[in-house]
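Please give me a guided tour of this protein in the viewer. I have not seen the structure before, and I would like to know what to select at each stop.

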Amino acid sequence: MNIDMVKFVAKWRQSIKNTRAETPGYSHALRSELKRLKTFECLETYSSWSPEEMAENGFYSTGINSSMQCFCCGLVLCTMSISKTPYVCHQKSRPDCDFIKGIDVGNIPKYEVKVQRGEVVVVERVDAYRSEEFRLESFKDWPFYSKTDPASLAAAGFFFTGVKDRVQCCCCGGALANWEVDDDPWKEHCKWFPE
Ligand SMILES: [Zn+2]
Ligand SMILES: [Zn+2]
């Protein structure tokens, strides 16, 4: 890697730190609706809201009594309203939550899959992406919510398509998205496109 690329990666890491400082409640690990749903598994108390609707509206269980928190804005709710839905309570308490506003904050819906089919970007300069440095440059606007390192993605053959956190391989053309905290780009590449 040349000096510019090293600087770029350092800058990207810093921007993630800054974003986290601005939104202290944001949880990268709980972007996934399925993971949020799992946190409600040991909820014993009688609940007027179903775990499904809580997870769908951004909430995960904090493990403390029956309180829940939004993965995006960090809002904590300690009680469940009987008359209002989780969406309405969330929206009333935090009208400025980007998730509630419908902005792409990296939420991974329950039925969303990693392999992206039928939406593969046709890149005119696909040959250029055979260069790792070119691939790395494509990650300039890599979304803050993805903790997967652009350097490791570029090293595994991926370039950024510019849509959400969707990347594509420069060789086999395979496209992946919805990167979770522990995902390893090489392993995911081999797992889904074992050619
Ligand atoms: Zn929120
Ligand atoms: Zn490939």
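The tour goes from the whole chain to a sheet, then to two cores and a helix.

**The whole chain**

Keep in mind throughout that this is a predicted model. Start with a cartoon view of the protein, in which there are seven helices and six strands. Followed along the sequence, these elements come in the pattern α-α-α-β-β-β-α-α-α-β-β-β-α. Of the 195 residues, 31% are buried. Among contacts with a separation of 6 or more, 49% are between residues 24 or more positions apart.

**The sheet**

Select β1 (59-61) and β2 (68-70), then add β3 (76-77). These three strands make up an open sheet with antiparallel pairing, in the order β1-β2-β3. β1 and β3 are at the edges with a single partner strand each, so one side of each has no neighbour in the sheet. Strands of a sheet pair through backbone hydrogen bonds, which can be shown in the viewer. Between β1 and β2 there are three bridges. To see one of the pairs, pick Y60, whose bridge partner in β2 is Q69.

**The largest nonpolar core**

Keep Y60 selected and add F59, C70, C72, C97 and F99: in the largest nonpolar core, which has 18 residues, these touch the most other members. Two or more residues of this core come from each of α3 (51-56), β1 and β2. In soluble globular proteins, nonpolar side chains tend to be buried together.

Now centre on F99. Which residues is F99 in contact with, leaving aside its neighbours within four places in sequence? They are G58, C70, C72, C73, V105 and N107.

**A second core**

Next select L136, A151, F158 and F160, which are among the 15 residues of another core. This core lies apart from the largest one.

**Helix α7**

The last stop is α7, residues 185-192. Which residues of α7 are buried? Colour P185, E188 and H189, which are the buried ones. Viewed down the axis of α7, the buried residues fall within an arc of 100 degrees, so they line one face of the helix. An α-helix has 3.6 residues a turn, so residues three or four places apart point the same way.

Give W186, K187 and C190 a second colour; they are exposed, on the other side of α7. Finally, show what covers the buried residues of α7, including α6 (150-155), β4 (158-160), β5 (167-169) and β6 (175-176).

Notes:
Residues numbered from 1 in each chain as written. Chains lettered and ligands numbered in written order. Predicted model: local features only at pLDDT ≥ 70, side-chain atom pairs only at ≥ 80, totals over all residues. Helix = DSSP H or I, 4+ residues; strand = E, 2+ residues; numbered from the N terminus. Buried ≥ 20, exposed ≤ 12 C-beta atoms within 10 Å, placed from the backbone. Contact = placed C-beta atoms within 7 Å. Arc of directions from axis to C-beta. Core = buried A, V, L, I, M, F, W, Y, C linked by C-beta atoms within 7 Å. Pairing = 2+ DSSP bridges.
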